[in-house]
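Please look through the model shown below, and follow the paragraphs after it with the structure open beside them.

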Amino acid sequence: MSFSPYVPIVALFVLGALFALFSVSIAPIVGPKRYNRAKLDAYECGIEPTPQPVGGGRFPVKFYLTAMLFIVFDIETIFLYPWAVSFDALGLFGLVEMVLFIGTVFIAYAYVWRRGGLNWD
Amino acid sequence: MSGGEATLFWILAPLAVIGALGMVLARNAVHSALWLVCTMLSLGVFYVAQAGPFIGMAQIIVYTGAIMMLFLFVLMLVGRDASDSLIETLRGQRVAAIVLGVGFAGIVGAGLSRALAGTGAIGLDAANENGNLQGIAQLLFTKYVFAFEVTSALLISAAVGAMILAHVERAKGEKPTQVDRMKARFAPGSYPGPKAGPGIFATSDSVATPARLPDGTFAERSISKILPVRELTSEESALKGTEK
Amino acid sequence: MDPTLQTFENDVWWIALIKVLGVFVLLLLLTLFTINYERKVVARMAVRPGPNQVGPKGWLQSLTDGLKLPFKEEIIPRTADKVIYFIAPVISATCAFTAFAVIPFGPVVSIFGQQTALQVTDVPVSVLVVLACSSLGIYGVVLAGWASGSTYPLLGGLRSSAQMISYEVAMGLSIVAVFMMSGSMSTSEIVAAQGDGREVSLFGLDFTAPGWYAVLLAPSFVIYAISAVGETNRAPFDLPEAESELVGGFHTEYSSFKFALFFLAEYINMITVSALCTTLFLGGWHATWPITLWSGANTGWWPMLWFLAKVLLCLFVFIWLRATLPRMRYDQFMRFGWKVLIPVNLVWILLLATVRVLQTSDLEAQTRFTLIGAAVLVVVLVAVLWPSGKKAAPAPSLAEQIAARPQGSFPLPPLDLQVPPSPRVARQVAERQPADVSSDRSEV
């Protein structure tokens with residue numbers, strides 16, 4: 001009987017997941033338990049944990065720009081894959097349209113660069 | 001549907017629905033984002049099972065990134081421990097939302113089924129004749145080339161929008177350089193020596209406890225500005241049972 | 001015999017099961033080996049013996065460490081989000097294992113009378129499977145940082161996510177050129193495409209140059225290698241675990257076997273990117289020139305040996321980097337990823353595409369020249385219109401700077417100190433500039 005070549009990938013996934021789940025569940029059972037209050041505190045190099053600001057602290061909006069740029073380039077990369085695989089079939093026409101596509105995205109990239117969006121400080 | 005595909009469907013379809021419900025119902029925003037990952041992954045596996053391996057993998061790769069962004073966005077907007085409030089601010093909002101949601105789903109479903117009723121499928125074997133990727137490339141870069149090029153405009157607006165919303169532009173001179181900082185440090189009136197460290201006392205060794213000056217007053221500059229000044233409670237300064 | 005995609009559809013279920021189990025065990029063993037390998041190599045580079053107590057020559061050190069960890073106390077911080085804290089290491093480890101399903105170890109061999117390829121499976125989008133696993137693996141790191149409920153892990157997790165997504169783009173772009181050359185995304189077909197070497201005559205010596213994409217697509221290879229180091233959070237890009245700043249980064253609050261799973265995932269990821277590097281750029285399991293003189297080099301089980309040797313070589317480079325280079329600063333690291341790797345990559349892809357169009361298609365001379373002209377025009381336009389910062393005003397001279405200081409400023413040491421010439425360097429007279437002055441010394 002033949003089966004889909006994707007099945008072994010799923011099999012390895014399941015095997016890995018079972019191994020990981022088994023080991024994280026077995027560890028608390030076989031390990032010692034000698035709790036005290038200090039162990040349950042967050043680790044901050046031995047000092048009293050810093051009081052958390054109300055709301056848990058917010059993060060710099062800087063990360064948002066990085067994440068958004070990542071998505072832009074991720075989608076561009078995804079478009080490049082089928083183009084690259086069948087590049088020989090597409091020929092000159094494929095090259096021209098990809099130059100247009102990358103060029104357009106490059107405008108946004110150059111704009112972000114110019115405005116200092118890629119400077120991390 | 002073959003037997004294997006049916007089994008897959010009956011395992012993953014409930015998972016996708018549970019993920020979608022969990023996303024709406026979870027009170028913690030980060031848990032919501034994770035339920036969404038569950039749904040998107042199930043959809044990705046569906047695409048692969050339906051002989052569209054490329055679109056399935058693209059779904060997983062792109063959507064994990066997109067949800068990662070959502071995750072970061074949540075962290076940035078509401079902080080780590082934020083939960084939804086369950087108090088209804090608008091009366092009847094929930095009922096209206098459910099009715100409108102079901103109505104919208106009905107309209108979209110009906111519209112799609114009517115539009116696609118007459119379309120004959122050419123079959124997967126014909127579509128994937130030269131391979132799934134090659135088939136996609138042939139369509140995307142010839143017949144739908146305009147849609148493809150327009151996508152780049154979408155990407156531009158995404159990048160520029162994020163830039164405008166999230167970026168605080170600073171000219172070159174505005175950010176103090178190392179030289180500026182050094183000059184400020186040695187400027188008349190400022191003390192260039194090291195700052196007094198936060199206090200190490202018998203009852204507390206927190207960075208939030210300010211140092212004391214020789215006259216007994218607190219040294220304000222010894223604690224970081226982001227920390228609120230606090231006195232430890234008796235519970236915090238009690239013994240923690242580590243001596244056992 | 002080279003496997004094709006059809007080979008994998010004909011596998012019997014128990015053969016597939018054997019291969020899945022085999023890869024699983026191999027990964028665990030390789031991880032144990034790599035940890036010891038790394039510790040020993042780093043030790044040698046630091047002129048010390050390294051682990052040498054447990055087992056023969058210390059080779060069982062990592063095994064005993066691994067066995068010890070489940071018996072250690074597990075501490076979960078009070079502020080942790082319990083469920084997510086629990087599943088984060090599971091996500092990390094599972095994704096790391098799954099990626100190895102599509103790595104080819106060798107050609108078709110016979111196992112218990114069944115003809116099967118030494119590869120768990122292969123699909124038309126194999127390389128994307130590896131990428132999907134690595135992008136899912138980021139979740140383990142970010143969620144671990146978030147769920148710990150502690151400051152350092154949260155910072156480490158966020159840094160990790162920003163770093164890994166930045167370098168994932170570079171990694172994804174670097175393999176586009178490989179797809180273009182091989183015309184496929186399936187790992188076994190990419191390996192097969194690198195199989196044919198070219199006859200090269202060098203200094204009267206005839207040999208077959210490897211058809212490796214590391215040679216043909218050198219820029220892609222270099223970018224892949226750099227971004228692989230960034231993607232696996234290894235030195236010099238190990239900022240999420242910068243001990244001096246973030247203690248242990250995202251896994252600070254993890255102990256016992258949960259910590260072991262993160263450790264396992266990190267090493268498997270390292271092995272996976274090395275294996276992918278071998279597959280995509282170093283010819284996969286094909287033997288290289290001196291070995292190919294022996295006609296049986298690429299048959300039977302031997303290729304698995306060449307493959308593992310190449311992987312261990314890549315791992316050695318990882319370790320070598322760690323022993324040699326200091327950690328980069330975060331802003332330098334992000335600038336390098338976004339401002340160097342990505343644009344260079346895109347330009348290289350377009351350049352390669354142009355060359356390929358010129359080579360393969362039978363264009364008229366006029367079209368050909370138009371194409372070359374257009375390429376040159378684009379390069380010139382980019383160079384001319386490249387956003388450049390404003391020219392900084394020339395710095396005032398030292399004398400002007402001193403005169404501009406307000407009354408009562410911090411006393412200055414004498415600024416015209418001459419550094420005496422070094423007795424060991426007779427030719428050179430040390431000319432040291434005082435800090436922060438204009439280039440003209442005569443004004444002092």
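Is C:Ser256 buried or exposed? In this predicted model, C:Ser256 has 22 other C-beta atoms within 10 Å, and because a residue is taken as buried at 20 or more such neighbours, C:Ser256 counts as buried. The residue is found in helix 12 of chain C, and its phi is near 55°, a positive value in a residue other than glycine. The background to this remark is that most residues other than glycine have a negative phi.

A second residue of chain C, C:Lys57, also has a phi near 55°, again a positive value in a residue other than glycine. C:Lys57 lies in the loop between helix 2 and helix 3 (61-68) of chain C, and because 14 C-beta neighbours fall inside 10 Å of it, C:Lys57 is classed as partly exposed.

Helix 12, which holds C:Ser256, can be followed next to one of its partners within the chain. Helix 10 (residues 218-231) of chain C and helix 12 of chain C pack with their axes 11 Å apart and at an angle of about 170°. Since angles over 145 degrees count as roughly antiparallel, the two helices are therefore roughly antiparallel to each other. On the side of helix 10 of chain C, the contact is made by C:Phe221, C:Tyr224, C:Ala225, C:Ala228 and C:Glu231, which meet C:Val273, C:Cys277 and C:Phe281 in helix 12 of chain C. Sorted by class, this contact has seven nonpolar residues, no polar residues and one charged residue.

Helix 4 of chain C offers a view of a single element in its surroundings. Its 17 residues reach 25 Å from the first C-alpha to the last, which is close to the 24 Å expected at 1.5 Å a residue. Of these 17 residues, 13 are buried, so helix 4 of chain C is largely enclosed by the rest of the structure.

Helix 4 (82-98) and helix 12 (256-281) of chain C also bring us to the contact between chains, as each supplies at least two residues of the side of chain C that touches chain A. The contact as a whole takes 70 residues from chain C and 59 residues from chain A. The other helices of chain C that each supply at least two residues to this side include helix 2 (13-45), helix 6 (151-174) and helix 15 (330-360). Helix 15 of chain C gives the largest share, 14 residues. By class, the side of chain C that touches chain A has 40 nonpolar, 17 polar and 13 charged residues.

Leading into helix 15 is the loop from helix 14 (302-324) of chain C, and C:Arg329 lies in that loop. C:Arg329 counts as exposed because it has 12 C-beta neighbours inside 10 Å. Its C-alpha atom is separated by 9.4 Å from that of C:Pro236, although the two residues are 93 residues apart along the chain.

Chain B, to which we now turn, has a secondary structure of nine helices and zero strands. Of the 244 residues of chain B, 19% count as buried, and among its contacts between residues at least 6 apart in sequence, 40% join residues at least 24 apart.

Finally, the confidence scores should be kept beside this reading. Chain C averages a pLDDT of 80, with 85% of the residues scoring at least 70, and the model scores ipTM 0.84 and pTM 0.79.

Methods: Residues numbered from 1 in each chain as written. Chains lettered and ligands numbered in written order. Predicted model: local features only at pLDDT ≥ 70, side-chain atom pairs only at ≥ 80, totals over all residues. Contact = placed C-beta atoms within 7 Å. Helix = DSSP H or I, 4+ residues; strand = E, 2+ residues; numbered from the N terminus. Nonpolar A, V, L, I, M, F, W, Y, C, P; charged D, E, K, R; others polar. Axes fitted to C-alpha atoms, helices over the stretch in contact; angles between N-to-C directions. Parallel < 35°, antiparallel > 145°, perpendicular 65-115°, else oblique. Expected span 1.5 Å × (residues − 1). pLDDT = per-residue confidence, 0-100.
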